[in-house]
Amino acid sequence: MAIEVRIPTILRSYTGGAKTVEGSGDTIADLLTDLDSRHSGIKARLLTPEGGLHRFVNVYVNDEDVRFLGALDAKLSDGDSVTILPAVAGGAFAFAAAHALRG
Amino acid sequence: MARYESVLDACGNTPLVGLPRLSPSPEVRLWAKLEDRNPTGSVKDRVALWMVKAAEEAGRLRPGDTIIEPTSGNTGIALAMVAKLRGYRLVCVMPENVSSERTALLRMYGAEIIFSEAAGGSNRAVAVAKEIAAEHPDWVMLYQYGNEANARAHYESTGPEILRDMPTITHFVAGLGTTGTLMGIGRYLREKVEDIEIIAAEPRYGELVYGLRNLDEGYVPELYDAKVLTRRFSVGTRDSVLRTRQLVEVEGMFVGFSAGAVLHAALAVAHQALKAGKRADVVFLVADGGWKYLSTGAYGGTLADAESALDGQLWA
């Protein structure tokens with residue numbers, strides 16, 4: 001079962017620089033385990049020691065936040081797209097920051 | 001009556017306008033709460049007014065005092081107007097190199113600007129504002145990300161207006177930034193409307209915004225309480241631009257790009273209701289008009305051009 005996973009810049013050290021990787025699994029938890037088998041260490045960065053999603057990590061299935069879909073138990077289907085993003089201060093401010101960083 | 005004693009009194013009571021062409025069916029309807037119809041042209045006029053009033057009532061602000069705030073967007077502009085009319089000095093902290101329209105608007109209203117180094121991004125500007133506030137104990141930082149009056153502005157004004165104008169509301173959709181809009185309106189509607197769905201649309205920013213050095217530099221606004229939300233969507237720039245243009249072309253509404261992201265999520269839930277055979281009145285919030293974003297060029301040309309024009313621009 002192929003699921004496209006978009007990796008944020010901050011975690012690309014685990015994927016050899018790749019922006020997107022493929023994975024498989026029936027749930028987000030399965031998918032993270034599958035990813036970790038090829039990109040060792042990535043799972044530990046996304047989860048807390050207690051096994052929940054890191055507070056500053058957001059995971060989306062087809063653009064919807066998994067925390068509202070059962071979190072790590074959120075179901076996945078073939079062809080789904082998963083996006084992993086760090087949580088940042090939102091609104092205009094975040095964009096101002098992007099603009100500023102670009103110079 | 002649409003007569004007001006001053007521009008501050010003209011804050012709020014914005015129109016709720018139907019989308020007859022983009023609504024999927026007569027039973028599943030979309031409604032836009034047009035917050036660009038506030039004095040400085042954005043939803044943030046309510047927030048600025050409520051935060052200043054709360055600080056005055058608490059005795060934190062007295063005439064002639066200085067307000068310091070990390071902001072470069074609509075909140076800064078709204079605060080600058082409120083500060084000018086109520087006799088305060090405003091100092092805004094923002095990263096270097098924000099767009100010239102914004103600094104011009106802020107300076108026009110008399111605000112002073114302190115720049116924080118670009119490389120630290122928004123988190124750095126918040127930190128700098130906190131440092132400066134600590135050096136000046138008499139200055140007041142309203143800090144919209146953690147100020148309960150931000151959410152309360154919507155609990156006390158925007159929420160009741162929406163329910164008054166649309167008692168049959170089934171879904172409310174808005175953008176997620178400070179989270180004040182969704183927390184305030186969401187809590188109010190949850191108390192009054194059984195089974196209401198509160199949906200967040202979060203604009204997916206450019207890569208650089210997410211280029212933190214480590215995950216512990218992440219940030220969730222203090223106001224955020226996930227229990228208020230039913231669902232949360234991340235909307236990419238291309239979808240936001242597409243929907244923003246659709247609003248102009250199909251419904252004649254000229255709005256900022258964050259409203260496009262919000263409409264994208266609103267259309268998704270509306271079409272799900274249609275498919276499920278349920279009736280729905282989906283209210284979504286338009287945070288501001290398109291004027292401040294015209295210079296991006298993203299209202300014309302191809303979607304790909306618009307997408308790259310907006311990458312790194314202020315639009316939400």
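This talk goes through a few features of chain A and chain B, taken from a predicted model.

I'll start with chain A. Its secondary structure comes to three helices and five strands. Along the sequence, the elements of chain A follow the pattern β-β-α-α-β-β-β-α. Chain A has 103 residues, and 38% of them are buried. If you take the contacts in chain A between residues at least 6 apart in sequence, 45% of those contacts join residues at least 24 apart.

The strand I want to look at in chain A is S5, residues 81-86. Which strands pair with S5(A), and in what sense? One is strand S1 of chain A, residues 3-6, which pairs with S5(A) in the parallel sense over three bridges. In that pairing, Glu4(A) stands opposite Ser81(A). Another is strand S3 of chain A, residues 57-61, which runs antiparallel to S5(A) and is joined to it by five bridges. Here Val61(A) is the residue opposite Val82(A). As for burial, five of the six residues of S5(A) are buried, so the strand is largely enclosed by the rest of the structure.

Now chain B, and a sheet to begin with. Four strands of chain B form an open sheet in the order S5-S4-S3-S6, with parallel pairing. The edges of that sheet are strand S5, residues 112-116, and strand S6, residues 140-141, each of which pairs on one side only. At the S6(B) edge, strand S3 of chain B, residues 66-70, runs parallel to S6(B) and is joined to it by two bridges. Ile67(B) has Val140(B) in S6(B) as its bridge partner.

Next, a helix pair. Helix H1 of chain B, residues 44-57, packs on helix H2 of chain B, residues 74-86, at an angle of about 50 degrees and with the axes 8 Å apart. Because of that angle, H1(B) is oblique to H2(B). The crossing of the two helices, H1(B) and H2(B), is right-handed. On the H1(B) side, the contact is made by Lys44(B), Asp45(B), Val47(B), Ala48(B), Leu49(B) and Val52(B). On the H2(B) side, the contact residues are Asn74(B), Thr75(B), Ala78(B), Leu79(B), Val82(B) and Arg86(B). By type, the residues of this contact between H1(B) and H2(B) divide into seven nonpolar, two polar and three charged.

The last region is around strand S7 of chain B, residues 171-175. Is S7(B) enclosed or open? Five of its five residues are buried, so S7(B) is largely enclosed by the rest of the structure. His171(B), Val173(B) and Gly175(B) point one way from the strand, Phe172(B) and Ala174(B) point the other way, and all are buried. S7(B) pairs in the parallel sense with strand S8 of chain B, residues 197-203, over five bridges. Within that pairing, Gly175(B) has Ala201(B) in S8(B) as its bridge partner.

After S7(B) comes a loop that leads to helix H6 of chain B, residues 180-192, and Gly177(B) lies in that loop. Why does Gly177(B) count as buried? The cut-off for a buried residue is 20 or more other C-beta atoms within 10 Å. Gly177(B) has 28 C-beta neighbours inside 10 Å, and therefore counts as buried. One distance to finish: the C-alpha atoms of Gly177(B) and Asp216(B) are separated by 19 Å, with the two positions 39 residues apart along the chain.

Terms used:
Residues are numbered from 1 along each chain as its sequence is written. Chains are lettered from A and ligands numbered from 1 in the order in which they are written. This is a predicted model: local features need pLDDT of at least 70, side-chain atom pairs count only at pLDDT 80 or more; totals for chains, interfaces and linings use all residues. A residue is buried if 20 or more other C-beta atoms lie within 10 Å of its own, exposed if 12 or fewer, and partly exposed in between; C-beta atoms are placed from the backbone. Two strands pair if DSSP finds at least two bridges between them. Two residues are in contact if their C-beta atoms, placed from the backbone, lie within 7 Å. Axes are lines fitted to C-alpha atoms, for helices over the stretch in contact, and angles run from 0 to 180 degrees between N-to-C directions. Angles under 35 degrees count as roughly parallel, over 145 as roughly antiparallel, 65 to 115 as roughly perpendicular and the rest as oblique. A crossing is left-handed if the near helix is turned anticlockwise from the far one by less than a right angle, and right-handed if clockwise. Ala, Val, Leu, Ile, Met, Phe, Trp, Tyr, Cys and Pro count as nonpolar, Asp, Glu, Lys and Arg as charged, and the others, Gly among them, as polar.
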